[in-house]
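Biologist: Got a minute to go through this one with me? I'd like to talk about charged pairs and the chain contacts.

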Amino acid sequence: MSKIVLVCVEDEADVLDAVIRELEPMEDVCVVEAAADAAEARVLLKQIADRGDETGVIFCDHIMPGENGVELLVDLQKDDRWVFTRKVLLTGQAGLEATVKAVNQAELSHYISKPWDGDEVLKVAIQELSHYLVVKDINPLPYLKHVDMDIVEELMRKHLTADR
Amino acid sequence: MKFPVKKILGLILGLGCLMLLPFCHFEGLSPSGHITLGIFAFAAIFWIMEPIPIYVTSLSIILAQVLLLSDKSLFLKALTQASGGDYVAPRYQDFYATMAHPILILFLGGFSLAKAAEKYQLDRNLTRILLRPFGTSPTRVALGVMLVTGILSAFMSNTATTAMMMTVALPIVAKVPATDPFRRLIALSIPVGANIGGIATPIGTPPNAVAIAALAKQGTMVPFSTWMMIATPLVVLCLLLSWVGMCRMFKPQLEKFELSIEGSFNLAPKAIGCYVIFSVTVLLWVTEKLHGIPSAVIAFLPMVFLPALGILDKHDIRSHAWEVLWLVAGGISLGLSLKSTGLAHWMINQVSWDAFSPFMLILLFALVGYAVGNLISHTVSATILVPIAIAMLAPDAAVGPAAMIIPIAVIGIIVSFAMILPISTPPNAIALATGLIETKDLAKAGWLVGIIGIIFTLLFGAYIWPLML
């Protein structure tokens, strides 16, 4: 069975650590992987696709050495392999122009501004994973531990109806 | 990927039996009986080892019967010769007809109602209203969840009911501290309620259909209301006892719990149409004895009127669990040949059963059905056992309806109490997947429900049902 991967792209090591620590509970149902910049992220995303897994959610910083986050997200949106991947911008410094571009051209799913409160990243991960299951019409049973029941209700009914 | 040893073994064994058994020679078994034995062994092995999905195995049975045993058999000439002209081949249409057996039409009617209820959130709103009187005491809330799940799953599939109840209850229960056993109590109340509740009506769960179809073939019709009359008191008692036991096992720590669900009844014309058709159909079903219209005939009303009024559309109809109907159809079809070729009779004669009293025989079947039901599909374990049980326990209708119905109902019902393992039933799998309970919690509750179910079903069969039928 192909696994759903949550990818975090962030150049500051301590911030990346914080994100990954917060996403730890999700590892019950998903895989969490990290990249330090856009170039590394592209390699990672391709590896994930090549081994048959799918990138469900990408948490991406904007200002990074080399290519910026929004450009990466816009590029991903153009590729069939990542068009359904939920795209979350996790940044303090994306200007209005970049943000608008992310919404319009990368169908940005969520914007988390740094610094974030409490377990916001985890909450967003649960919500975006749930939306991803719905969009891709994936049986939610293996993910029930960390999904938003309201979002997957229809999906539950669709996939889990038959006695045997 | 792990090498699928079980599947490959099943494939080889199953196909081997199908191809070799017809060429063996067993004393006292007709040539067509040999072929049926091959099909039966193939089906049992494929259903248990699952090299292909269980409903496909059912379809394979029908294919095998048409190709090997029917009047369109590829070997009809050889078969007739081998049996010295004795063999009367059933029409191939008879095997196909099992796919539209009245009990399956009854299920289709139930599917239509359940789909409409889901679409207009009747199930959710009923849950909201029915849970209210149970107040805020945690143990009473658990009782409410269990009973409401039971009531809904009597008319909807156990699995769909569990999925619905989980989406309603879990977000609220998740707020309870993780250390409080109350979380586990609620997460277990739902599958327990669903599995037991399914027993209450003929359409509640497929094993009921297996039992009723087998009885119908013997000429004993079980009206909807008769099934409910014998099954519902048992269901209510078992739910209450399971609740008492589970409240001890998972004693809530918090003092007060508010399970308030938001929502309001949909009052659009189509939604009202759904409520009316739902109520009228159920009312006609439970009053079958008064008006005498068979429940399978009534079941066609929602199938026609729901789409006629636009309450259901073709997408809804496509989303019915057709494979469940086919799963049962294969079993019914197999049952035809088990009897007509004399195989069932022959199998029974292989062992001397005289040492067993009828009660011991029923107990034996019930325990085997229960054990197997924990490991494989409930429908399949009923399907394998019921035709043999019926040949052994109720050889002809002359013994009277009570003597026919009771043993078969006992076996069909006890199978539904098998819920120890996550794989035993889909509601178990859903409950476990939520992460609120562990496999050992499920096993504890499953044992409790199983013991209560077996004991009281046997007691009802021995002392109470004979007074009712």
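Biologist: How many salt bridges are there over all chains?

Modeller: The rule gives 25 over all chains, a salt bridge being a side-chain nitrogen of Lys or Arg within 4 Å of a carboxyl oxygen of Asp or Glu. Keep in mind that this is a predicted model, where local features need pLDDT of at least 70, side-chain atom pairs count only at pLDDT 80 or more, and totals for chains, interfaces and linings use all residues. Side-chain values use heavy atoms, without hydrogens and water, residues are numbered from 1 along each chain as its sequence is written, and chains are lettered from A and ligands numbered from 1 in the order in which they are written.

Biologist: OK, which residue does A:Arg51 pair with?

Modeller: A:Glu33, at 2.7 Å from N to O. A:Arg51 sits in the loop between α2 (38–50) and β3 (54–60) of chain A and A:Glu33 in strand β2 (residues 31–35), so the pair ties together parts 18 residues apart in sequence. Helices (H or I, at least four residues) and strands (E, at least two) are DSSP runs, numbered from the N terminus.

Biologist: Is A:Glu33 buried or exposed?

Modeller: Buried, with a relative accessible area of 18%. A:Arg51 is partly exposed at 43%. The cut-offs are under 20% for buried, over 50% for exposed and partly exposed in between, with a 1.4 Å probe and protein chains only.

Biologist: Switching to the interface: how many residues of chain A are in contact with chain B?

Modeller: 12 residues of chain A, against 31 of chain B, where contact means heavy atoms within 4.5 Å. The two chains bury about 1,900 Å² between them, 58% of it on carbon and sulfur atoms; that is the accessible area (1.4 Å probe) lost on being put together, summed over both. A:Arg157, A:Asp163 and A:Arg164 supply 44% of what chain A buries there, more than any other three residues.

Biologist: And how many salt bridges cross it?

Modeller: Four between chain A and chain B. In one of them, A:Arg157 pairs with B:Asp123, the closest N and O atoms being 3.0 Å apart.

Biologist: What does B:Arg124 form a salt bridge with?

Modeller: A:Glu153, with closest N and O atoms 2.6 Å apart. That pair runs from helix α7 (residues 122–131) of chain B to helix α6 (residues 149–159) of chain A, and both residues are buried. Shared partners join A:Glu153, A:Arg157, B:Glu118, B:Asp123 and B:Arg124 into one network of salt bridges.
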